[in-house]
Amino acid sequence: MVPGRLFHRRALWSLRLICLLALLVTGRAFAADTAPDLGPTMQFGIVRSNAPGCEPICPEWISAEGSIEAGTPALFKRMLKTLGGRKLPVVVNSPGGNVEAALTLGRLIRKNKLDIAIGKTVFSGCQPDAKGCQDRDKNGARYLGDVIDYGAMCNSACPLMFAGGVRRVAGEWAYLGVHQITTTYIRTKLQYRTTYRIVGGKKKVLNTKIVSRKNAGSYKTYEMSKSVEKKLAAYLDQMGIEQSVLETMKGTPASEIQQIGLDDMLAMKLVTSVDSVDLLTAASLCRPDPLAANCLEIPGNKPAGPTAAARPTPLPEPDGAQHDEDMRFVVVRGSNPLCNPDCPEWISAQGAITPRTPQKLRQLLATLGNRQLPVVISSTGGDLFSALAAGRLIHEKKLDVAVGRTDFVGCDPGEWSCLANEGAYAGLSTDAGVECDSACALMLAGGVRRLVGPRARLSLYPMGQKQMVKAYLEEMAIDPALFTAIERRSVERQLEPDMMLKVGLTTSPQSVDALTGATICEAVPKPENCRIRPSANAEADSPAKL
């Protein structure tokens, strides 16, 4: 027999075998938020300004509202495709979310050369999460609305998205905050089925298939790994942002939020100018020639009049209660005869806190110049973000606040025929049975002196945006014990005077009379809110008539 033939006739044995193999796999996911619930996921919508008189040429923008999730970039890409190359600014309001998704969003914004601003879109009619909302026109603008920046936020992972804008705008009433990244390691137990063949004594794998997947637990760490730090540093450098942003993130515990002030944002190059969201969305953008890139003319549209349909609907209030009319601010002069000619003056703040409240207060304060008048407030609550913005404005102007009601003498400022006398309406103050509930208490917290008399009622309840409320209370030097007390309550409840004093929510149990009483102008030194009217002074100095 020829040896070669024997070689080719050698039997080749093969065997198909199936092997089950179990492995414990650890995967990593990191996000910038530790809160279990960041609210609704981010929704995008093309919004057209409903500013009266802007039609038929109005500015448009992309509204980005909600938390950033893993699937958010895909939604944003789909939105960009509908624009057909149009470059609309992005108006974002987000508590944060997934870091990887935020980086992707930032890169998409920069790639498409879009501007971005922190702001809240107040929709008129249809909203992005509403079912059955049909297109308003044939140009892709599905929604109508307006934009406000007070109370708007871009926290946690959101600043990474924000960094992608070509022009980056955050007004003085917007809130941008960062903290440490939370890295979550997820253990998964996988069971594989591998089919293989033994050929000539050697194993040849035919296929491998996962047959079961079980959760084997997870753990979190707040230590930023070198790889993650390097990745974020490279991204910020790519976007032209200073590395001090990263240092601030690393230095702030994950359970807190470090708000970055506007001046610091400028130094860090997080913002490109000290402007509000109006820089990108104001109706005046569509008047010059050439028009701004986000202006669109729709010839068939008629100019919008001051109708109810054209007004933005107010944001939903956190407590879901039906409140009184919008908060009204007016300057009041004490009308008690005992104070003439030197009488106290104050700012009356009465009504529900709405998105328009901070702007109204700011406008009134602008008329006062450097005068510092105390605020006498009475409110059943309202919009949380607006209360924080108004509280910060009160704190910035170093104003005192007291819970009380103003009873107007002669006529009510709401009447068309009621005119102010030298900038002030006549009135008297009282705290009997006056309420300052829910968001109103946060507005009160902005005062230098904060007075709640024994006959007034102050109450709080567990509210959303915990990190933002906690950071605000710390900013106002309120003891964290108040936040703890709020969290223990399941329903709205009146706060005890001793407790309010202990945590620093109030500075004194005095009533509103300590700021507005008829005799306070006799004290030495005289309070700053006392004023002698020129006419009254002239009358006092004139010789007596027989």
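Modeller: Let's begin with a term: a crossing is right-handed if the near helix is turned clockwise from the far one by less than a right angle, and left-handed if anticlockwise. Keep in mind that this is a predicted model.

Colleague: Fine. Which way does α9 pass α10 here, left-handed or right-handed?

Modeller: Right-handed: that's how α9 passes α10.

Colleague: And at what angle do the axes of α9 and α10 cross?

Modeller: Roughly 20°, with the axes of α9 (residues 357-368) and α10 coming within 9 Å. Angles under 35 degrees count as roughly parallel, so α9 is roughly parallel to α10.

Colleague: Which residues in α9 and α10 meet?

Modeller: Here's a handy idea: an α-helix has 3.6 residues a turn, so residues three or four places apart point the same way. Now the case: Pro 358, Leu 361, Arg 362 and Leu 365 in α9 meet Ser 386, Ala 389, Ala 390, Leu 393 and Ile 394 in α10. Sorted by class, that contact has seven nonpolar, one polar and one charged residues.

Colleague: How much of α10 is buried?

Modeller: Buried means under 20% relative accessible area. In α10, 11 of the 13 residues pass, so the helix is mostly covered. Among them are Phe 385, Gly 391 and Arg 392. For the protein, 48% of the 546 residues count as buried.

Colleague: What span should α10 have, going by its residues?

Modeller: At 1.5 Å a residue, the 13 residues of α10 (residues 384-396) should span 18 Å, and the end C-alpha atoms are 18 Å apart, which agrees.

Colleague: Let's try another pair. How do α2 and α3 cross?

Modeller: The axes of α2 (residues 72-83) and α3 (residues 99-111) come within 9 Å and cross at roughly 20°. These two helices are therefore roughly parallel to each other, and α2 passes α3 in a right-handed crossing. On the α2 side the contact uses Thr 72, Pro 73, Phe 76 and Lys 77; α3 brings Ala 101, Thr 104, Leu 105, Leu 108 and Ile 109. The classes come to six nonpolar, two polar and one charged residues.

Colleague: Now a single residue: is Ala 426 buried, exposed or partly exposed?

Modeller: The cut-offs are under 20% for buried and over 50% for exposed. Ala 426 has a relative accessible area of 33%, so Ala 426 is partly exposed. This residue lies in strand β20 (residues 425-430).

Colleague: What is Ala 426 in contact with, leaving aside neighbours within four places in sequence?

Modeller: Val 332, Arg 333, Ser 335, Phe 408 and Val 409. Also, the C-alpha atoms of Ala 426 and Asn 336 are separated by 9.2 Å, with their places 90 residues apart along the chain.

Conventions:
Residues numbered from 1 in each chain as written. Predicted model: local features only at pLDDT ≥ 70, side-chain atom pairs only at ≥ 80, totals over all residues. Heavy atoms only, no water. Axes fitted to C-alpha atoms, helices over the stretch in contact; angles between N-to-C directions. Helix = DSSP H or I, 4+ residues; strand = E, 2+ residues; numbered from the N terminus. Parallel < 35°, antiparallel > 145°, perpendicular 65-115°, else oblique. Contact = heavy atoms within 4.5 Å. Nonpolar A, V, L, I, M, F, W, Y, C, P; charged D, E, K, R; others polar. Expected span 1.5 Å × (residues − 1). Buried < 20%, exposed > 50% of the residue type's maximum accessible area, 1.4 Å probe, protein only.
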